[in-house]
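Here's a quick tour of a protein model, taken one topic at a time. Have a look at the picture first, then read on.

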Amino acid sequence: MIQPLLAKSEFIGLENIAHLAAGGETPMLKSHRQVIDQFMIDKSRGEEARALEADMVELTRDKCARLFSVSAEEITFLSNASEGINNVAYGLEWQKGDNIVVADVEFPSGILPWTRFENLGVEVRVVRHKNWFIDRDDIAALIDERTRVVTISHVSMFTGQRIDLESLSGLVRSSNALLLLDATHAAGVIPVDASLADIMVSSCYKWLLGVHGAAVFYVNCERLPDFRPPFLGWNNPIKHGGWEKPTEFTLQPSAHKFQPGNAAFISIYILNNALDHILKTGINSIEQHALTLSGMIFEFVESLGFELMTPFEDSQRAGNVCFMAEKIEDIRQALERQHVLIWGAYAGFGRLRISTHLYNDSIDVERCIEALKE
Ligand SMILES: Cc1ncc(COP(=O)(O)O)c(C=O)c1O
């Protein structure tokens, strides 16, 4: 039997459930309760609260820096991944004839922000999948000297495909474009070397075991020292002219320059605790565990004759196994009645997603397989 890497008893609601829905939402760590309590105590301490909250931001930044193999200065926390992508879209100055390269199966937040600039003559170029697979050569074919951004998910929420980040980074760096990586389905389950990208965003409420309200925003300060934030408030400047020169300011040198106001401190307290668990368990062990369990699911789903969207090679997938089926909602609900949680249709499109993470064991997989047989 394959044991969980982190005991189910550490989470809320896993007693009699096979929770295979990490690609949507992960269950809450019980220890988050103490963390929320700590936040409430800290917040109640008047001006000292701000110093305590700022300390927590820095602590959490350091842990993100470790997880993403970058420096803490290059990390800040925005409200969600979509906001991070929009920061890039609105932070760049667009010229007629510029283009952005995206994949057709990308999450809408990776595609829609760029359409705002179409009226300026900016083109959104769409790479088409082949059998649900996004091919590096098809990305390469759309990049030209006017490509400003190539944006893609490290692991696809829709197909489960993991891209070869090193290879894509090499491709994009040989052009004039920036690589904007959405690591939402990778962070917390496989190693992510964010320094291979120019900007990286990640939600925290899925594989990272955190909650909504805080998302990781990484900007490669070495490659983009002068990247200007599109939104300004009291928090972006390191120096402000005060009432005498109220419009004068100097931007912070670090990624915090993208944060106009207060961060979602309570979510960052929770993220800090979540990162402790992930870093302690070890991202390489988590990757191996998730791949082993999802590999078992893959083989069974294939044997049932469903149309698999996820490639089988370990290097081309992570914790998601996605497949097409008819009557998706019926299947999802039937599994739920048997206490097996998976994720259903996306935006009305017929795909099911089964996700394996560090709290799953082989019994969860067997329960899912038994339930799917029916
Ligand atoms: C690839 C990807 N990015 C981002 C998100 C979530 O974005 P946000 O943090 O803006 O809610 C999701 C949610 O499903 C996703 O699949």
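Let's start with a term: a residue counts as buried if 20 or more other C-beta atoms lie within 10 Å of its own, with C-beta atoms placed from the backbone. Keep in mind that this is a predicted model.

**A strand tucked inside**
- Strand β14 covers residues 351-355, and 5 of its 5 residues are buried, so the rest of the structure largely encloses this strand.
- In a regular strand, side chains alternate between the two faces of the sheet.
- Both faces of β14 are covered: Arg 351, Arg 353 and Ser 355 are buried on one side, and Leu 352 and Ile 354 are buried on the other.
- β14 runs antiparallel to strand β12 (residues 320-324), and 5 bridges join the two.
- Across from Leu 352 in β14 stands Phe 323.

**Two helices that meet**
- Two packed helices are described by the angle between their axes and the distance between the axes.
- For helix α2 (residues 47-68) and helix α7 (residues 265-281), the axes come within 9 Å and cross at roughly 35 degrees.
- The crossing of α2 past α7 is left-handed.
- On the α2 side, the residues that meet α7 include Met 56, Val 57 and Leu 59, while those on the α7 side include Phe 265, Ile 268 and Leu 271.
- Sorted by class, this contact of α2 with α7 has 12 nonpolar, 2 polar and 3 charged residues.

**Around the ligand**
- Among the residues around the ligand are Asn 80, Phe 107, Met 157, Asp 182 and His 185.
- The shell around the ligand divides into 4 nonpolar, 7 polar and 1 charged.

Note on methods. Residues numbered from 1 in each chain as written. Predicted model: local features only at pLDDT ≥ 70, side-chain atom pairs only at ≥ 80, totals over all residues. Near = placed C-beta within 6 Å. Nonpolar A, V, L, I, M, F, W, Y, C, P; charged D, E, K, R; others polar. Axes fitted to C-alpha atoms, helices over the stretch in contact; angles between N-to-C directions. Helix = DSSP H or I, 4+ residues; strand = E, 2+ residues; numbered from the N terminus. Left-handed = near helix turned anticlockwise from the far one by under 90°. Contact = placed C-beta atoms within 7 Å. Buried ≥ 20, exposed ≤ 12 C-beta atoms within 10 Å, placed from the backbone. Pairing = 2+ DSSP bridges.
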